[in-house]
Amino acid sequence: MQPNPPAVPPAMPDILVVDDTPANLRLLAEMLKESGYRVRPVPSGKLAIEAARQEQPDLILLDVKMPEMNGYEVCERLKSDEALKEIPVLFISAMDETLDKIKAFAVGGVDYVTKPFQFEEVEARVRTHLKLRQLQVELESRNRQLQENYDQLRKLERLRDDLTHMIVHDMRSPLTGIAGYLELLELHVAKKLDSEELKFLQAARSSGSVLVDMVNSLLDISRMEQGKMPLAVTESDLDVLIQNALLSIGSPANAAALVHLKPPQPVRAACDANLVTRVIANLAGNALKFTPKEGRITVAAEQTGAGAKIRVADTGSGIPREFHAKIFEKFWQVEARQDGKKYSTGLGLTFCKLAIEAHGGEIGVESEVGKGSTFWFTLPAQPAPAREAPGAAG
């Protein structure tokens, strides 16, 4: 077994001491060296700036009252230099007025010690600020590493999304063809099949349609995230959109009652009629999946001061509060605690959220386990500011 290599000893902290009085300079330098620091003494502000640029110190001890360039000016010059501005500056001066100290902090100093000083105090402050500087450097290094990791992750996510989009886009045509031919097959041969064979054919056609809808949803979500298609905004009667959405769902056998609650007056909002119809259909269709056949689903629109609000309420099993926000995330699925069903397909609610937010509206859910759910969204009375937004997959 090979012995471990000797540990690399930590570098001695490098301190730049600046004072125009030789006795003070020599005293501080000797004391700091005895405490284990590397010390570079310089007698003027100009030489201090040159020395810091040649080799950055870990900390600067700086006298205030010096000829040609006083300590305040030296500190200002250091803080204006991008490469030197993070070096901590500790002032040591016989000037002990409050205004002197305030000015020292105002120009960027981290501490102020008055002369005559006790070296134990100076050394304690030096040790403290060196430790703080070390922690700051470590934090900056970790932040840089986190940023690099984040940038790399974002790059990988973009590559993944581009690959997914390409694959899904190429899948759409053959899947659409399969679904279409299955529909034609059912139309032409239904009478020649027995009930069991017809059921198999209808199941295959239904599955094909689901796949086509999933592909279209993925493409739509990708377009919305990239903002590649504008909204076709018009003033719409929302009750007409609700009616169209419910007609597109139909009345599945053994399904809960689906009720459109019409208001006494038309409810209007500025929106992309096709897109909002699809949102309503998604929410109502999702409610049908999780509401028992003896249950009830109601869809209603109301005018508000800011525009309009649509609610889709069901008497289903409800959604735990901790999942209310997550169900709108892409590909997120939550299994119900009682019946084992999933609350979301992972695509439909993401599509709804992106579509409504593209209008400048909001979407959310109010739900309690065992007491049903109410999905709602708002639309503005006036068109949202022009922006790139989603459109139907073309």
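These are my notebook entries on what I looked up in this structure, which is a predicted model.

**Overall make-up**

I began with the elements and found 9 helices and 14 strands in the protein. I then looked up burial, and buried residues make up 39% of the 394 residues. For the contacts between residues at least 6 apart in sequence, I noted that 67% join residues at least 24 apart. The protein exposes about 22700 Å², and I wrote down that carbon and sulfur atoms supply 55% of that area.

**The sheet of 5 strands**

Next I traced an open sheet of 5 strands, whose order is 8-10-11-13-12 and whose pairing is mixed. Its edges are strand 8 (257-261) and strand 12 (363-367), each of which pairs on one side only. From one strand to the next the twist averages 15 degrees.

I followed the pairings across the sheet, starting from the edge at strand 8. Strand 8 pairs with strand 10 (residues 296-304) in the parallel sense, over 5 bridges, and there I found Leu 261 opposite Ala 300 of strand 10. Strand 10 and strand 11 run antiparallel and are joined by 8 bridges, and these two strands form a hairpin with 2 residues between them. Ala 300 turned up again here, since its bridge partner in strand 11 is Arg 311. Strand 11 (residues 307-314) in turn pairs with strand 13 (residues 373-380), in the antiparallel sense and over 8 bridges; in that pairing, Ala 313 has Thr 374 of strand 13 as its bridge partner.

Which helix packs on the sheet, and which strands does it touch? I found helix 9 (residues 348-358) in contact with strand 12 and strand 13, its direction making about 25 degrees with that of strand 13.

**Leu 275**

I then turned to Leu 275, which lies in helix 8 (residues 273-289). Is Leu 275 buried or exposed? Its relative accessibility is 1%, so I entered Leu 275 as buried, the limit for that word being under 20%. I also compared its place with that of Ile 356: the two residues are 81 apart in sequence, while their C-alpha atoms are 8.8 Å apart in space.

**Salt bridges**

I counted 16 salt bridges in the structure and looked up several of them one by one.

In the pair of Asp 14 and Arg 40, the closest N and O atoms are 2.8 Å apart. What does this pair tie together? Asp 14 belongs to strand 1 (residues 14-18) and Arg 40 to strand 2 (residues 38-42), so the salt bridge ties together parts that are 26 residues apart in sequence. Asp 14 counts as buried because its relative accessibility is 4%, and Arg 40 is buried as well, with a relative accessible area of 15%. Both residues also belong to a network of salt bridges that links Asp 14, Arg 38, Arg 40 and Glu 55.

In the pair of Arg 53 and Asp 81, the closest N and O atoms are 3.3 Å apart. This salt bridge links distant parts of the chain, for Arg 53 is in helix 2 (residues 45-54), whereas Asp 81 is in the loop between helix 3 (71-80) and strand 4 (89-93), 28 residues apart. With a relative accessibility of 18%, Asp 81 counts as buried.

I also looked up Lys 85 and Glu 82, whose side chains meet in a salt bridge of 3.0 Å, N to O. Lys 85 is partly exposed, with a relative accessible area of 30%, while Glu 82, at 61% relative accessibility, counts as exposed.

**A nonpolar patch on the surface**

My last entry concerns a nonpolar surface patch of about 360 Å², which is made by Leu 163, Met 166, Ile 167 and Met 171. Of these residues I looked up Ile 167, which is found in helix 5 (residues 119-189). How is Ile 167 to be classed, given its relative accessible area? The value is 43%, so Ile 167 is partly exposed, lying between the limits of under 20% for buried and over 50% for exposed.

Terms used:
Residues are numbered from 1 along each chain as its sequence is written. This is a predicted model: local features need pLDDT of at least 70, side-chain atom pairs count only at pLDDT 80 or more; totals for chains, interfaces and linings use all residues. Side-chain values use heavy atoms; hydrogens and water are left out. Two strands pair if DSSP finds at least two bridges between them. Helices (H or I, at least four residues) and strands (E, at least two) are DSSP runs, numbered from the N terminus. Axes are lines fitted to C-alpha atoms, for helices over the stretch in contact, and angles run from 0 to 180 degrees between N-to-C directions. Contact means heavy atoms within 4.5 Å. Buried means under 20% relative accessible area, exposed over 50%, partly exposed in between (1.4 Å probe, protein chains only). Accessible areas come from the Shrake-Rupley method with a 1.4 Å probe; for residues, only the protein chains shown count as cover. Patches are made of residues with over 30% relative accessible area and no salt bridge: like charges are joined within 9 Å, nonpolar side chains (Val, Leu, Ile, Met, Phe, Trp, Tyr) within 5 Å. A salt bridge is a side-chain nitrogen of Lys or Arg within 4 Å of a carboxyl oxygen of Asp or Glu.
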